[in-house]
Each structure stands twice: as structure tokens, then as C-alpha cells.
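Here is a short set of exercises, each with a worked solution. Have your viewer ready and try each task before reading on.

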Amino acid sequence: MSEPHQARKRFGQNFLSDKNIIYKIIEAIRPDPADRMVEIGPGLGAMTEPLMSRLDHLHVVEIDRDLIARLKEAHSPDKLTIHEGDALKFDFGSLVADGAPLRVVGNLPYNISTPILFHLADYADKVKDMTFMLQKEVVMRMVGDPGTEEYGRLSVMLQYRFNMRRVFDVPPGAFRPAPKVMSSIVRMVPRPASECTAKDYALLGKVVTAAFGQRRKTLRNTLRDYLDEADFAALGIDPGLRGERLSVDDFVRIANHMAAKGPQPA
Ligand code: SAM
């Protein structure tokens, strides 16, 4: 085989090398041979190979041309479909044309973790579940509860779409090169459509962004362009609270109240 691969920082390359951790991740995913699965960022194949040994077929999305060349050399297209390019631009819906729900997995590049989670949230209705390795700090924000320091825009927007659970933590020593931070495995299962009741998802995003834009300010201040005292009274929400006190459902009620009121400020 070719020269050893030099890890590229710009692609967030920290390769898993601890066999026990890799085994634990595969066990957490529980692949079934017939699953429609896609791995984001297969890299040198630490997870790819054990996944392939348990699946009839696997899709991967990889941006690094050198790694793509290695994957092509090592695996037949009968078993592995390689999608070359940026996962942030990849149409995950194209993998579920026949309706079988998608399972998404990956040790994600940490430098693009938030945009990739938002990109994937757009496919929630086509997904069965997602299991990712991410920076622990990001996972804590994803699963954070109201009233905690971790709770913010990422928590609300993802918890609206997914039930999420931190499965276990992974120390830096499990990777080559070792990252500076702890990592965690997170499992995300889309909530049923009947529970996702925001009339206008973009408006929900606007409200949540405004409420957490200045965390220390009260809702009366952060949402002043959208809601007056009568609106707060109608919603039964105290305008003297900070955004971090509101549940996901409170934010949905606010956005739906605004949608019912009509056009909003730009
Ligand atoms: N799965 C491998 C492992 O666990 O050892 C590699 C994980 S490494 C943290 C992240 C992988 O994502 C690398 O292979 C990197 O080249 C790839 N990657 C980085 N940015 C990407 C992007 N925008 N789209 C697709 N793959 C990307």
C-alpha cells in the first residue's frame, strides 16, 4: 500500500486507533445486514471496515482525495459506495429514494460539527437514527436541559427534531493524532412528525437565535421585536425570564403564536 497518511488538520482528521473503543461504537450502532447506512468521513477506515463486515452494503461521504483513493483501492464498489465531496453539501435524501430510512454514523470532523448537525437535521424525516462521535462539549450542549449553562440554540433546535442521548465518553488517547479535548458518542433518533408542531421552522430558528443572542438579557429585551406584554400574557410566559429557562415546547409555542399574528420584522 501507499505511504502512511499525514493527518490533515483542515479536515479535522483524528483517526480512531483504540480497538476496544471501535468495538464499543459498532456495538452501540448495532448494524443489521440490510440497513441503509452512510458513514460520514470514513478516513482510514477504522469504523468502515467493521461496519462493512456486518452490512450488505455501506455508503461513505469523504472529502479528502488521498483517503478516497485508498478506500477505492481497498474495497469493491459492490460493498462500498464512495461519495466524493463535502458532507455539508451532500444530499442525504438521495440515498433513500426507495423509502428505506437511513442510518447515519461517523466520527465527525470537529471543525464542522455544528453546521453538519444542522444540515442533517433537514433530513430528519428520512432518517432512522444517527450515531456520532463529537467533541464532548458539543454533545453536552446538544443534550443540555433548560436552566443549565450548556442549554442554548443547538440544544433547542436539535431537541426539537431529535431525541438524543450521550452514550459514552472517549478519551483523547483513543485517536491518532490525539485531539486536545474529550469526545463523546451521541445517539440521535428523530421525533415523530406528530411531535414536531412548529408551523414555521425558520421562524422558530429566528426566535431561538434572538433569545440566546444575548444570554444575560430577559425575554422582554431579546424578543422585543416580536412580542409585547399582551403576547407574553397570552402565552403565559414571564417576560422577565432569560431564554435559557424556556423549554423547547415554550419556544415552539412562541413561534406558533408569532406565525398566527402574521408577518414578522425582517
Ligand atoms: N472515521 C475515521 C476514524 O474514526 O478514524 C476518521 C474520522 S476524522 C475525525 C474525520 C473524517 O472526516 C476524515 O476522514 C476527514 O477527511 C473527513 N472530512 C472532513 N471534513 C469533511 C467534509 N466536509 N465532508 C466529508 N468528509 C469530511
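**Warm-up: charges**

Task: Find how many positive and negative side chains the protein has, and how far apart the centres of the two sets lie.

Solution. Please keep in mind throughout that this is a predicted model. Start with the counts: there are 37 positive and 35 negative side chains. Then take the centre of each set; the two centres lie 4 Å apart.

**Exercise 1: overall form**

Task: Work out how the radius of gyration of the protein compares with the globule rule.

Solution. Begin with the elements: the protein has 10 helices and 9 strands. The radius of gyration is 21 Å, close to the 18 Å that the rule gives for 266 residues, so the protein is as compact as a globular protein of that length. Next, look at the box along the principal axes: the C-alpha atoms fill roughly 70 × 40 × 30 Å. Now turn to the surface, where about 13000 Å² is exposed and carbon and sulfur atoms supply 50% of that area. As for burial, 47% of the 266 residues count as buried. Finally, among contacts with a separation of 6 or more, 64% are between residues 24 or more positions apart.

**Exercise 2: two helices**

Task: Determine which residues of α1 are buried, and which exposed residues sit on the face turned away from them.

Solution. Helix α1 spans residues 19–29, and its buried residues are Ile 21, Ile 22, Ile 25, Ile 26 and Ile 29. These residues cover an arc of only 135° around the axis, which puts them on the same side of α1. The face turned away from that buried side carries Asn 20 and Tyr 23, both exposed.

Now look at α4, residues 113–121, which is mostly covered, with 7 of its 9 residues buried. The buried set consists of Ser 113, Ile 116, Leu 117, Phe 118, His 119, Leu 120 and Ala 121.

**Exercise 3: two aspartates**

Task: Is Asp 129 buried or exposed, and is Asp 122 buried or exposed?

Solution. Apply the cut-offs: buried is under 20% relative accessible area, and exposed is over 50%.

- Asp 129 lies in strand β6. With a relative accessible area of 3%, Asp 129 is buried.
- Outside its neighbours within four places in sequence, Asp 129 is in contact with Leu 102, Arg 103, Val 104, Arg 187, Met 188, Val 189 and Pro 190. Its C-alpha lies 9.7 Å from that of Met 37, although 92 residues separate the two in sequence.
- Asp 122 is in the loop between α4 and β6. At 51%, Asp 122 is exposed. The C-alpha atoms of Asp 122 and Arg 161 are 9.1 Å apart, and the two residues are 39 positions apart along the chain.

**Exercise 4: loops and backbone**

Task: Locate the cis peptide bond that involves Pro 177, and find which loop holds Arg 30.

Solution. The cis bond joins Arg 176 and Pro 177, with omega about -15°. Pro 177 is in the loop between β8 (175–176) and β9 (183–190). Arg 30 belongs to the loop between α1 and β2. Its phi is positive, about 50°, although Arg 30 is not a glycine. The relative accessible area of Arg 30 is 59%, so Arg 30 is exposed.

For a loop residue that is covered, try Glu 244, between α9 and α10. Its relative accessibility is 17%, so Glu 244 counts as buried. Beyond neighbours within four places in sequence, its contacts are Pro 146, Gly 147, Tyr 151, Phe 212 and Arg 215.

How values were computed. Residues are numbered from 1 along each chain as its sequence is written. This is a predicted model: local features need pLDDT of at least 70, side-chain atom pairs count only at pLDDT 80 or more; totals for chains, interfaces and linings use all residues. Side-chain values use heavy atoms; hydrogens and water are left out. Helices (H or I, at least four residues) and strands (E, at least two) are DSSP runs, numbered from the N terminus. The radius of gyration is taken over C-alpha atoms; the globule rule is 2.2 Å times the number of residues to the power 0.38. Buried means under 20% relative accessible area, exposed over 50%, partly exposed in between (1.4 Å probe, protein chains only). Contact means heavy atoms within 4.5 Å. Accessible areas come from the Shrake-Rupley method with a 1.4 Å probe; for residues, only the protein chains shown count as cover. Lys and Arg count as positive and Asp and Glu as negative; His and the chain ends are not counted. The place of a charge is taken as NZ of Lys, CZ of Arg, CG of Asp or CD of Glu. The arc is that of the directions from the helix axis to the C-beta atoms.
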